[in-house]
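This report goes through selected local features of one protein chain. Keep the sequence and the 3D view at hand while reading.

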Amino acid sequence: MAQEDVFKKLVSHCKEYGFVFPSSEIYDGLGAVYDYGQMGVELKNNIKKYWWDSMVLLNDNVVGIDSAIFMHPTIWKASGHVDAFNDPLIDNRDSKKRYRADVLIEDFLAKIDDKINKEVEKAHKKFGESFDEAQFRATNARVVEYQANRDTVHTRFAKALNDGNLEDLREIIVDCEIVCPISGTRNWTEVRQFNLMFATEMGSTADGALKVYLRPETAQGIFVNFLNVQKTGRMKIPFGIAQIGKAFRNEIVARQFIFRMREFEQMEMQFFVRPGEELEWFKQWKATRMRWHKALGFGDHKYRFHDHDKLAHYANAATDIEFEMPFGFKEVEGIHSRTDFDLSSHEKFSGKKVQYFDPELNKSYTPYVIETSIGVDRMFLSVMSASYQEETLEGGETRVVLNLPPALAPIKLAILPLLKKDGLPEKAREIMDELKFEFKCQYDEKDSIGKRYRRQDAIGTPFCVTVDHQTLEDGQVTIRHRDTMQQERVAIGELKEIISTKVSLKALLKSL
Ligand code: GAP
């Protein structure tokens, strides 16, 4: 099945089974804003818990905070967001549609990549085992021409972005003959900068209300609380502050479902270190974060690092952890060495000293910072897309199953009386009343047992327990495993142990 179709199916699966709904749906929705349903919220909470515990439980030098979404507006001046958190926009005069100029060019480059890959694939099929891909790429006239064109455009594009040169960006669009996907014309306006922060007003005084922003990242809440946490927690460098919370960006090109949203959630950790030691810590956090992702068991080939060539002016190293989504490898997490930029800037703008006295060195300094920043929603999408499977079973029947890592599954155990009579529902409820303190359980007595199994497969429940007449006599139930569909008879008293060894977050954390 084409990856595009898989993605469409995943989006409708998310809706059908209560994972993700378009926001304000009965009013026809609101662009790039989504709500999490009864299953989605459980999965999302489990992802957040996996991250939080891996940060603040496993590291005694990492503590958490929960800062407010509204912050003093000068914070966004100090962080550079007021002046530089912009997207370059261009309008097509015929369709009246607005685009991100950089995205139009990136899409153009991706199309050249597709052409090259198609040539390579074709040749691979033709020459079979003896195919030498590197040689083919270096010598095939058509591929060489495509590649040369790509390299030229890419170099111009990188320079224009680096220089913030909007005229050059427009010229690239014109020179590459990029057309508007709606009107098909090349009738483009100038490129303009557009700030991505949402602004609103706070209070109302005689002098007018204060213009405040909905935070575009959670990180600044950590920076401005650096001294509070360091002093009250008697923290010694190196130490980290973690936070999970909402962030807001007025994204212009909002697409790919929950990949790019206007309201989303971040899990960020700022790790404060001695100046000069930051690159060593950067390396360590890169490895730690990749281990966290890979421990979920989706396969190491699904992840890769993408080191940044172009660094933000305040960074001295940066990388993304990319995951293979149905629409290609995409950034899920950023790891940045942000130097002392943020703390120094807050010192300058607030007029307050934001430094650390290091008792070992007997001097004060502005700590350097390693940041790990992951989007909850992107993580959710990566987990869902890696777990969604359509299987053909013996006899030709198909089943849709979410092979979710058991520790993340919304429901750990479904409890199913075989029939709705003969005391079976009562026995099933009795088991549930015992186990609900251990795991999130779901009781279901509607429809045939086969249909109920399928419903649980579709939401990724690792275990189903069936209560039948025999249970009333011997105290045993049938436990069915989601992935293998194998069933076994076990004593009710054994359920807790069998299930918890598979679904516990503790085991996942221990594997890190
Ligand atoms: N404090 C650094 C920072 O915010 P970022 O690369 O802009 O860095 C970090 O964002 C992560 O937040 C991204 O890797 C992504 O997972 C998530 N993210 C950013 N913008 C998003 C959006 N519009 N929708 C969903 N997730 C987003």
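## Salt bridges and other contacts

Lysine 15 counts as partly exposed, because its relative accessibility is 36%. The model it belongs to is predicted. Lysine 15 forms a salt bridge with glutamate 25, and the closest N and O atoms are 2.9 Å apart. Lysine 15 lies in helix H1, while glutamate 25 lies in the loop between strand S1 (20–22) and strand S2 (34–36), so the pair ties together parts that are ten residues apart in sequence. Glutamate 25 is partly exposed, with a relative accessible area of 37%.

Helix H1 (residues 3–16) also holds lysine 9, whose salt-bridge partner, glutamate 390, is in strand S17 (residues 388–392). This pair links distant parts of the chain, 381 residues apart. The N to O distance between the side chains of glutamate 390 and lysine 9 is 3.2 Å. Glutamate 390 is partly exposed at 36%, and lysine 9 is partly exposed at 33%.

Aspartate 483 and arginine 482 meet in a salt bridge with an N to O distance of 2.6 Å. Is arginine 482 buried or exposed? Arginine 482 counts as buried because its relative accessibility is 2%, and buried means under 20%. Aspartate 483 is partly exposed at 44%. Elsewhere, salt bridges with shared partners join Glu391, Glu397, Arg399, Arg454, Asp457 and Arg480 into one network. The count for the structure comes to 42 salt bridges.

Aromatic side chains are the next topic. A search of the whole structure finds 19 aromatic pairs. Two of them are set out below.

| Pair | Type | Centre to centre | Angle between planes |
|---|---|---|---|
| Tryptophan 51 and tryptophan 52 | tilted | 6.4 Å | 50° |
| Phenylalanine 223 and phenylalanine 272 | edge-to-face | 6.4 Å | 85° |

Tryptophan 51 is buried, with a relative accessibility of 0%, whereas tryptophan 52 is partly exposed at 28%. The phenylalanine pair links distant parts of the chain: phenylalanine 223 is in helix H9 (residues 219–223) and phenylalanine 272 in strand S10 (residues 263–273), 49 residues apart. Phenylalanine 223 is buried at 2%, and phenylalanine 272 is buried at 0%. One aromatic cluster is formed by Phe7, Tyr34, Phe257, Phe259 and Phe327.

Two arginines lie over ring faces. Arginine 289 is over the face of tryptophan 292, at 4.3 Å from the ring centre. Arginine 429 is over the face of tyrosine 443, at 3.8 Å from the ring centre.

The backbone also has features to look up. The peptide bond from isoleucine 237 to proline 238 is cis, with omega near 5°. Proline 238 lies in the loop between helix H10 (226–232) and strand S9 (239–248). Lysine 96 is not a glycine but has a positive phi of about 65°. Its loop runs between strand S4 (86–91) and strand S5 (98–100), and lysine 96 is exposed at 68%. Threonine 339 has a positive phi too, near 50°. Threonine 339 is in the loop between strand S13 (328–337) and helix H12 (341–350), and is buried at 14%.

On the surface, Leu57, Leu58 and Leu512 make a nonpolar patch of about 270 Å². Leucine 512 is in the segment after helix H18 (505–510) and is partly exposed at 32%.

Terms used
Residues numbered from 1 in each chain as written. Predicted model: local features only at pLDDT ≥ 70, side-chain atom pairs only at ≥ 80, totals over all residues. Heavy atoms only, no water. Helix = DSSP H or I, 4+ residues; strand = E, 2+ residues; numbered from the N terminus. Buried < 20%, exposed > 50% of the residue type's maximum accessible area, 1.4 Å probe, protein only. Patch = residues over 30% accessible without salt bridge, like charges linked within 9 Å, V, L, I, M, F, W, Y side chains within 5 Å. Areas by Shrake-Rupley, 256 points an atom, 1.4 Å probe, with all protein chains shown as cover. Salt bridge = Lys/Arg side-chain N within 4 Å of Asp/Glu carboxyl O. Phe/Tyr/Trp six-rings, centres within 6.5 Å; stacked < 30°, edge-to-face > 60°. Lys NZ or Arg CZ within 6 Å of the ring centre and 35° of its normal.
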